[in-house]
Amino acid sequence: MEARLAHPVFDSIRYWLERIGDQPSLELLNSFSEERNLRTESGRPVRFVAPSRSDPYYEIQLFETGQVQTRPENWHDLFNALAWLAFPRTKARINCMHAAEIPREGGKRGRLRDMLTIFDEGGAILECAEPELERMVRESRWHDLFWEHRARLRAALRVKVLGHAVMEAALAPYPGITCKVVFVAPSSDPDSQAADWLASRGRTPRDLPPFPILGYPGWDERNGRAEFYADTRYFRPSAYGNAGKRVS
C-alpha cells in the first residue's frame, strides 16, 4: 500500500484498502460487494461496472439497476466504491433520496440534492460523546476545540470520513481540507445513524457544519502548535452561526 494511504483520513476504508492491495479491479470490488450483500434501497444488488455514456440521471439509473460506474484505476471512483463497502446504508440512502427527488425538481436541482451531493463527496460522520465539543464545532470555535480541549477531543470525538472527493484530496493533504459533517452518538453502527439522519433531518447544505479535518490532533504534523489554528484561511469563523441538529 502506498505510504500516503497511511493517513488517518483513510481509516474508515482501511480494511478494504488493505484487502485490495495495489491491484484493484471490478472483479475484486464486486466480490467484496457480494460478500457484503450490498444493495440499493430498491433492493438491487450493487455491482461496480465500467463507465458507459454519460447519463444525466445517473442516480436514477443506479437506483433502478444497482450499477455503480467505476474506473478502478481512478482514485475518485475507487474511493467511491470503497465508501459503498464501508458505509452501505448511508450510500444507499443518499442514492434513494436523489432518485426520489429528481422527478420532483423539474430539471432544476434543489437544496436537498445539493446537501446530498456535498455529503456524498465531502462528508464525514463525527461520533461525539460530549455535547460541548459538538457546540464548539457548530460555532466554529476551532482554537478552543483543537487546542484548548485537545485531550477531550481525542477521547470523545471520532472522525469517520465518507466523502470520496475528500479522500482524493487527502492524497496530497493541505490544511484547508474540510468535511461537512453529521453528528452521531458513539455506537457500533454510525453508518445506520447517519443514514437515518439524512432521511429525517437533512434538508439543505446549511444543515451540515464544516469541520477542518487536519485540525484533528495528529492528522497533520504541524498541528502540534497553537499557531497552526490561527490561520483563518483554513480555520474560519462561522459564516452563519450554528448549523444542523444532533442525531438523538
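Contact here means heavy atoms within 4.5 Å. Keep that in mind as you move around this predicted model.

**First stop: Phe10.** Select Phe10 and show what surrounds it. Leaving aside neighbours within four places in sequence, Phe10 is in contact with Arg4, Leu5, Leu17, Phe79, Met167, Ala170 and Leu171.

**Next, the core.** Widen the selection to the largest nonpolar core, which has 68 residues. Phe10 is among those with the most contacts inside this core, together with Val159, Val161, Phe211 and Ile213. Which helix gives the largest share of this core? Colour helix H4, residues 75-86, and you have it: 7 residues of the core come from there.

**Then strand S5.** Now select residues 178-184. This strand, S5, is mostly covered, with 6 of its 7 residues buried. Add strand S3, residues 123-128, to the view: S3 and S5 pair in the parallel sense over 5 bridges. To find one place where they meet, pick Glu127, whose bridge partner in S5 is Val184.

Bring in strand S6, residues 210-212, as well. Here the pairing with S5 is antiparallel and runs over 3 bridges. Click on Lys180 and look for its bridge partner in S6, Pro210.

**Last stop: Glu101.** Show helix H5, residues 88-105, and pick out Glu101 within it. Is Glu101 buried or exposed? With a relative accessible area of 17%, Glu101 is buried, because the cut-off for buried is under 20%. Not counting residues up to four places away in sequence, Glu101 touches Leu112 and Arg113, so display those two side by side with Glu101 to finish the tour.

Key
Residues are numbered from 1 along each chain as its sequence is written. This is a predicted model: local features need pLDDT of at least 70, side-chain atom pairs count only at pLDDT 80 or more; totals for chains, interfaces and linings use all residues. Side-chain values use heavy atoms; hydrogens and water are left out. Helices (H or I, at least four residues) and strands (E, at least two) are DSSP runs, numbered from the N terminus. Buried means under 20% relative accessible area, exposed over 50%, partly exposed in between (1.4 Å probe, protein chains only). A nonpolar core is a set of buried Ala, Val, Leu, Ile, Met, Phe, Trp, Tyr and Cys residues joined through side-chain atoms within 4.5 Å. Two strands pair if DSSP finds at least two bridges between them.
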